[in-house]
Amino acid sequence: SGLASITAAMLTRGTQKRNALEFASALEGVGASLNASGGTLNTSLSGQAQSKDFNLVMDLLAEMLRQPT
C-alpha cells in the first residue's frame with residue numbers, strides 16, 4: 001500500500017521509448033524478467049536473466065527508472 005506500491009505499478013507500465021507490451025517483449029525475447037513491487041515503506045526491483053543477457057536487462061532497468069511514462 002501507499003506511495004511505494006503506486007511507484008512500483010507505474011514503473012511496469014512502459015517507458016518513453018517502449019509501451020508495456022514492447023518492454024515485456026524485449027525481456028521475453030531472451031527469456032528474462034524484471035519485476036517491481038512495493039510495500040508500505042519500500043519499493044523493490046528484481047530481475048532474472050542468463051548472464052549473456054545481463055547488459056540488455058540492465059539497459060532496460062535503467063530505461064524503466066530514467067524514462068518512465
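The following dialogue examines how terms are applied to this predicted model.

Reader: What is the overall make-up of the protein, and in what pattern do its elements follow one another?

Author: The protein has three helices and two strands. Read along the sequence, these elements follow the pattern α-α-β-β-α.

Reader: What makes the protein as compact as a globular protein of its length?

Author: The radius of gyration is 12 Å, and the globule rule gives 11 Å for 69 residues. The two values are close, so the protein is as compact as a globular protein of that length. Along the principal axes, the C-alpha trace spans about 35 × 25 × 15 Å.

Reader: How much of the protein is buried, and how much area does the protein expose?

Author: Buried residues make up 25% of the 69 residues. The exposed area is about 4600 Å², of which carbon and sulfur atoms supply 53%.

Reader: Why are Glu63 and Arg18 said to form a salt bridge?

Author: A salt bridge requires a side-chain nitrogen of Lys or Arg within 4 Å of a carboxyl oxygen of Asp or Glu. For the side chains of Glu63 and Arg18, the N to O distance is 3.0 Å. This value lies within the 4 Å limit, and the pair therefore counts as a salt bridge.

Reader: What does this salt bridge tie together?

Author: Glu63 lies in helix H3 (residues 54-66), while Arg18 lies in the loop between helix H1 (3-11) and helix H2 (20-28). The pair therefore ties together parts that are 45 residues apart in sequence.

Reader: Why is Glu63 called buried, and why is Arg18 called partly exposed?

Author: Buried means under 20% relative accessible area, exposed means over 50%, and partly exposed lies in between. Glu63 has 9% relative accessibility, so Glu63 counts as buried. Arg18 has 27%, which falls between the two limits, so Arg18 counts as partly exposed. Leaving aside residues up to four places away in sequence, Glu63 touches Thr15, Lys17, Arg18, Phe23 and Pro68.

Reader: How many salt bridges are there, and how do you know that Asp53 and Lys52 form one?

Author: The count comes to two salt bridges. The closest N and O atoms of Asp53 and Lys52 are 3.7 Å apart. This distance is within 4 Å, so the pair meets the rule.

Reader: Which residue of this pair is buried, and which is exposed?

Author: Asp53 has a relative accessible area of 9%, which is under 20%, so Asp53 is buried. Lys52 stands at 65%, which is over 50%, so Lys52 is exposed.

Reader: Which residues form the largest nonpolar core, and what makes them a core?

Author: The core has 10 residues: Leu11, Phe23, Ala26, Leu27, Ala32, Leu34, Val57, Leu60, Leu61 and Met64. They count as a core because they are buried nonpolar residues joined through side-chain atoms within 4.5 Å. The elements giving two or more residues to this core are H2 and H3. Its largest share, four residues, comes from H3.

Reader: Which residues are in contact with Leu27, beyond its neighbours within four places in sequence?

Author: Leu27 is in contact with Ala32, Ser33, Leu34, Val57 and Leu60.

Reader: What makes Ile6 an exposed residue, and which residues share its surface patch?

Author: Ile6 lies in helix H1. Its relative accessible area is 52%, which is over 50%, so Ile6 is exposed. Leu3, Ile6 and Met10 form a nonpolar patch on the surface, and together they have about 320 Å² of accessible area.

Reader: How far is Ile6 from Lys52?

Author: Their C-alpha atoms are separated by 32 Å, and the two residues are 46 residues apart along the chain.

Reader: Why is Leu45 called partly exposed, and where does Leu45 lie?

Author: Leu45 lies in strand E2 (residues 43-48). Its relative accessibility is 36%, which is between 20% and 50%, so Leu45 counts as partly exposed. Leaving aside neighbours within four places in sequence, Leu45 is in contact with Leu11, Asn35, Ala36, Leu61, Met64 and Leu65. The C-alpha atoms of Leu45 and Leu61, 16 residues apart along the chain, are separated by 8.8 Å.

Reader: What share of the contacts between residues at least 6 apart in sequence joins residues at least 24 apart?

Author: The share is 61%.

Definitions and conventions:
Residues numbered from 1 in each chain as written. Predicted model: local features only at pLDDT ≥ 70, side-chain atom pairs only at ≥ 80, totals over all residues. Heavy atoms only, no water. Buried < 20%, exposed > 50% of the residue type's maximum accessible area, 1.4 Å probe, protein only. Patch = residues over 30% accessible without salt bridge, like charges linked within 9 Å, V, L, I, M, F, W, Y side chains within 5 Å. Areas by Shrake-Rupley, 256 points an atom, 1.4 Å probe, with all protein chains shown as cover. Contact = heavy atoms within 4.5 Å. Rg over C-alpha atoms; globule rule 2.2 N^0.38 Å.
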